[in-house]
Amino acid sequence: QVQLVESGGGLVQPGGSLRLSCAASGNIFNILTMAWYRQAPGKQRELVALITSGGSTNYADSVKGRFTISRDNAKNTVYLQMNSLKPEDTAVYYCNCNAKSHILGPVDNYWGQGTQVTVSS
């Protein structure tokens with residue numbers, strides 16, 4: 001089993017910045033993709049950004065040029081730097097990863113508990 005713990009959410013004014021962190025712990029052989037999703041009230045959960053174990057990234061069109069995803073493989077941690085925040089970025093942000101607990105095991109998918117990001121003046 002892998003546990004994901006997010007931190008760094010909060011209240012920020014429009015145009016401001018926040019940095020989210022997500023640390024993975026538990027029985028980890030290796031972590032493949034790591035990603036951030038978000039879910040606003042009344043909306044479906046959506047992919048914000050994804051990063052592969054090799055460092056390739058993918059972003060939702062709505063955050064391109066404003067958000068940056070990165071990871072520290074030695075620390076099993078993924079980050080999301082969010083700049084130029086807009087009220088429409090308000091949501092609960094969830095960390096997600098695909099990981100293996102041992103070399104012969106399956107790839108399983110894991111979610112964090114979520115962290116609230118509110119962009120408001």
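Which residue in S11 is the bridge partner of Leu11? Keep that in mind, everyone, and we will get there together.

First, some housekeeping. This is a predicted model, where local features need pLDDT of at least 70 and side-chain atom pairs count only at pLDDT 80 or more, while totals for chains, interfaces and linings use all residues. Residues are numbered from 1 along each chain as its sequence is written, and side-chain values use heavy atoms, with hydrogens and water left out.

Let's start with the whole protein. It has zero helices and 11 strands; here helices (H or I, at least four residues) and strands (E, at least two) are DSSP runs, numbered from the N terminus. So what is the radius of gyration of the protein? It is 14 Å, close to the 14 Å that the globule rule gives for 121 residues, so the protein is as compact as a globular protein of that length. That radius is taken over C-alpha atoms, and the globule rule is 2.2 Å times the number of residues to the power 0.38. Along its principal axes, the C-alpha trace spans about 50 × 25 × 25 Å.

Now, inside and outside. Buried residues make up 40% of the 121 residues. Buried means under 20% relative accessible area, exposed means over 50%, and partly exposed is in between, with a 1.4 Å probe and protein chains only. The protein exposes about 6300 Å², and carbon and sulfur atoms supply 49% of that. Those areas come from the Shrake-Rupley method with a 1.4 Å probe, and for residues only the protein chains shown count as cover.

How do distant parts of the sequence meet? Among contacts between residues at least 6 apart in sequence, 55% join residues at least 24 apart. A contact means heavy atoms within 4.5 Å.

Please find strand S8, residues 77-82, on your screen. Five of its six residues are buried, which makes the strand mostly covered. Strand S3, residues 18-26, runs antiparallel to S8, and six bridges join them. Two strands pair if DSSP finds at least two bridges between them. S7, residues 67-72, is also antiparallel to S8 and joined to it by six bridges. Look at Leu80 in S8: Leu20 stands opposite it, and Ile69 has Leu80 as its bridge partner too.

S7 and S8 form a hairpin with four residues between them. Which residue in the turn has a positive phi? That is Asn76, at about 50 degrees, although Asn76 is not a glycine. At 24% relative accessibility, Asn76 counts as partly exposed. Ser84, in the loop between S8 and S9, is another non-glycine residue with a positive phi, near 50 degrees. Ser84 is partly exposed as well, with a relative accessible area of 42%.

On to strand S9, residues 91-100, which pairs in the antiparallel sense with S10, residues 107-111, over five bridges. A hairpin of six residues joins S9 to S10, and Asn96 has Trp111 in S10 as its bridge partner.

Is Ala99 in S9 buried or exposed? At 0% relative accessibility, Ala99 counts as buried. Leaving aside neighbours within four places in sequence, Ala99 is in contact with several residues, including Val2, Leu32 and Tyr110. Ala99 and Asn27 are 72 residues apart in sequence, yet 9.6 Å apart in space, C-alpha to C-alpha.

Thr33, in strand S4 (residues 30-39), tells a similar story. Not counting residues up to four places away in sequence, Thr33 touches residues including Leu50, Arg71 and Cys97. Thr33 and Gly55 are 22 residues apart in sequence and 9.1 Å apart in space, C-alpha to C-alpha.

Finally, strand S11, residues 115-119, where the side chains alternate. Thr115, Val117 and Val119 point to one face and are buried, while Gln116 and Thr118 point to the other and are not. S9 and S11 run antiparallel, joined by three bridges, with Tyr93 having Thr115 as its bridge partner. Strand S2, residues 10-12, runs parallel to S11, again with three bridges.

And that brings us back to the opening question. The bridge partner of Leu11 in S11 is Thr118, one of the residues in that strand that is not buried. Thanks for listening!
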